[in-house]
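Work through the exercises below with the sequence and the 3D view at hand. Try each task before reading its solution.

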Amino acid sequence: MFLTRDCAYATIMIDFQVLEAVDAELQIRLISELDGHVIECVKDQNGNHVIQKCIECVSPRHISFILSAFCGQVVTLCTHPYGCRVIQVAVSHYCSCDVFE
């Protein structure tokens, strides 16, 4: 399991496959490192995959900081080459929820 911080791009990368292999407690500890860096990761070529995996694998109550980071950013993210993918996954995954209101 690797957790690295690339200061040059101010992004955090998690080997996102780890999220599927570890228990919920460790998932929460790992993704908490993303808090404050969500938008940077969403706009990053590799970081967007990490955010997508968090949305798919982690309970919504533990990624509320990710969903909150989208507030006021949805239009911008939808027009971004990587951000649009993250928003698409979030909408597909939470289509029955009101997380974007």
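The exercises that follow concern a predicted model.

**Exercise 1. Overall layout**

Find how many helices and strands the protein chain has, and in which order they run.

Solution. Step 1: count the elements; the protein chain has seven helices and two strands. Step 2: read them from the N terminus on, which gives β-β-α-α-α-α-α-α-α. Step 3: look at burial; of the 101 residues in the protein chain, 37% are buried. Step 4: look at contacts between residues at least 6 apart in sequence; 60% of them join residues at least 24 apart.

**Exercise 2. The nonpolar core**

Determine which residues of the largest nonpolar core touch the most other members, and which helices supply at least two residues of this core.

Solution. Step 1: the largest nonpolar core holds 25 residues, and Ile51, Ile55 and Phe70 touch the most other members. Step 2: at least two core residues come from each of α1 (18–21), α2 (24–31), α3 (38–42), α4 (47–57), α5 (64–69) and α7 (83–93). Step 3: take Ile55 and set aside residues up to four places away in sequence; Ile55 then touches Ile63, Phe70, Val86, Val89, Ala90, His93 and Tyr94. Step 4: set this beside a general tendency: in soluble globular proteins, nonpolar side chains tend to be buried together.

**Exercise 3. Two helices compared**

For α4 and α7, list the buried residues and work out how each helix is placed.

Solution. Step 1: the buried residues of α4 are Gly47, Asn48, Val50, Ile51, Gln52, Lys53, Cys54 and Ile55. Step 2: these are eight of the 11 residues of α4, so α4 is largely enclosed by the rest of the structure. Step 3: in α7, Gly83, Val86, Ile87, Val89 and Ala90 are buried. They cover an arc of only 160 degrees around the axis, so they lie on the same side of α7. Step 4: Gln88 and Ser92 are exposed on the other side of α7. Step 5: the cover over the buried residues of α7 includes α3, α4 and α6 (74–78).

**Exercise 4. A loop residue**

Decide whether Val58 is buried or exposed, and find which residues Val58 is in contact with.

Solution. Step 1: locate Val58 in the loop between α4 and α5. Step 2: the relative accessible area of Val58 is 4%; buried means under 20%, so Val58 is buried. Step 3: leaving aside neighbours within four places in sequence, Val58 is in contact with Gln27, Ile31, Lys53, Ile63 and Tyr94. Step 4: compare sequence and space; Val58 and Leu19 are 39 residues apart in sequence, with their C-alpha atoms 8.0 Å apart.

**Exercise 5. A charged pair**

Find which residue forms a salt bridge with Glu56, and where the two lie.

Solution. Step 1: the count comes to one salt bridge. Step 2: the partner of Glu56 is Lys53, with the closest N and O atoms 3.9 Å apart. Step 3: both lie in helix α4, three residues apart, about one turn of the helix. Step 4: Glu56 is partly exposed, at 40% relative accessible area, whereas Lys53 is buried, at 13%.

**Exercise 6. Cysteines**

Explain why Cys41 forms no bond with Cys54.

Solution. Step 1: the structure holds zero disulfides. Step 2: the cysteine sulfur closest to that of Cys41 is in Cys54, 8.7 Å away, and therefore too far for a bond. Step 3: Cys41 is buried, with a relative accessible area of 0%, whereas Cys71 is exposed, with 54%.

Terms used. Residues numbered from 1 in each chain as written. Predicted model: local features only at pLDDT ≥ 70, side-chain atom pairs only at ≥ 80, totals over all residues. Heavy atoms only, no water. Core = buried A, V, L, I, M, F, W, Y, C linked by side-chain atoms within 4.5 Å. Buried < 20%, exposed > 50% of the residue type's maximum accessible area, 1.4 Å probe, protein only. Helix = DSSP H or I, 4+ residues; strand = E, 2+ residues; numbered from the N terminus. Contact = heavy atoms within 4.5 Å. Salt bridge = Lys/Arg side-chain N within 4 Å of Asp/Glu carboxyl O. Arc of directions from axis to C-beta. Disulfide = S-S within 2.5 Å.
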